[in-house]
Amino acid sequence: MKRFGISLILVILTVCLLAACKDGGGSPAENSAVFSKKGSIRVTSVEPFDEDLYSKKELKNMIDTTVARVGEADVSVESLEVKDNICTLVMEYASSDAFGSFNEGVPFFYGTCSDAVARGFDLSPLYGQPSMVRSSRIMTAGKVQEFADHMLIYVTSPQTLYLPGKAVYATANVRLDDKDNKAVLADSVSVSEPAILILQ
């Protein structure tokens with residue numbers, strides 16, 4: 001149980017495809033995260049699961065214990081399904097702080113640029129990146145303050161992000177689809193190579 005528990009805690013920000021959610025059926029086909037304008041994040045973690053090694057009951061008990069520690073007002077479990085050796089866990093986090101409390105040690109942030117700077121997040125991977133709105137504008141350390149009140153996303157795991165609006169700046173490991181306000185992160189995204197986006 002311990003091995004899968006650690007793996008699950010380290011899985012970061014995976015949510016079912018919007019199409020599957022809208023249709024009300026189907027299993028998630030990709031790791032992704034949906035961010036709301038109010039600051040909450042809906043997360044679905046999809047992991048291989050061997051019921052010969054671990055039981056669904058043990059997994060549920062671990063999750064329930066962690067939710068109780070963090071607080072049900074901040075974290076809630078929408079569903080937990082084990083099917084065909086795949087575990088799908090859908091959770092709602094009230095904020096990135098709630099996510100951080102549940103997933104201890106996973107670098108992640110969703111809040112204003114000024115708060116990200118105040119908390120010590122390194123935004124230097126954004127420096128030198130062109131604006132998605134006006135390509136002649138290049139992000140620098142000095143320009144970060146111009147976006148102090150804009151929302152920023154800082155993620156350290158490859159996945160697809162569904163944004164509450166358009167991105168103004170993004171690191172080079174992010175491919176944006178403005179039509180759907182979707183961001184696809186490269187496989188190289190990690191703690192040492194975070195994906196960072198500043199929203200309009």
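Is Lys182 buried, partly exposed or exposed? In this predicted model, Lys182 is partly exposed, with a relative accessible area of 22%. Buried would require a value under 20%, so the 22% of Lys182 places this residue in the partly exposed class.

**View 1. Lys182 and its surroundings in strand S10.** Here we meet Lys182 again, in a strand that covers residues 182-185. Setting aside neighbours within four places in sequence, Lys182 is in contact with Thr160, Leu161, Tyr162, Arg175, Leu176 and Asp177. Val34 is worth finding too: 148 residues separate Lys182 and Val34 in sequence, while their C-alpha atoms are 9.4 Å apart in space.

**View 2. Helix H3 and its buried side.** Helix H3 takes in residues 56-70, 15 residues in total, and reaches 21 Å from the first C-alpha to the last, close to the 21 Å expected at 1.5 Å a residue. Leu59, Ile63, Thr66, Val67 and Val70 are the buried residues of H3. They lie on the same side of H3 because the arc they cover around the axis is only 100°. Look to the other side of H3 for Lys57, Thr65 and Ala68, which are exposed. Just after the helix comes Gly71, with a positive phi near 115°.

**View 3. The hairpin of strands S3 and S4.** Strand S3 (residues 75-83) and strand S4 (residues 86-93) run antiparallel and are joined by eight bridges. To pick out one pair, start at Glu81 and cross to Thr88, its bridge partner in S4. Two residues sit between the strands, and Asp84 in the turn has a positive phi of about 50°.

**View 4. Leu197 and the nonpolar cores.** The largest nonpolar core holds 36 residues, and Ile153, Leu161 and Leu197 have the most contacts inside it. Not counting residues up to four places away in sequence, Leu197 touches Met151, Leu152, Ile153, Leu161, Leu163, Ala167, Tyr169, Ala170, Val174, Leu176 and Ala183. A second, separate core has 14 residues, including Ala116, Leu126, Tyr154 and Ile198.

**View 5. Stepping back to the chain and its 200 residues.** Five helices and 11 strands make up the secondary structure of the chain. Of the 200 residues, 44% are buried. Among contacts between residues at least 6 apart in sequence, 65% join residues at least 24 apart. The chain exposes about 10000 Å², and carbon and sulfur atoms supply 50% of that area.

Notes:
Residues numbered from 1 in each chain as written. Predicted model: local features only at pLDDT ≥ 70, side-chain atom pairs only at ≥ 80, totals over all residues. Heavy atoms only, no water. Helix = DSSP H or I, 4+ residues; strand = E, 2+ residues; numbered from the N terminus. Buried < 20%, exposed > 50% of the residue type's maximum accessible area, 1.4 Å probe, protein only. Contact = heavy atoms within 4.5 Å. Expected span 1.5 Å × (residues − 1). Arc of directions from axis to C-beta. Pairing = 2+ DSSP bridges. Core = buried A, V, L, I, M, F, W, Y, C linked by side-chain atoms within 4.5 Å. Areas by Shrake-Rupley, 256 points an atom, 1.4 Å probe, with all protein chains shown as cover.
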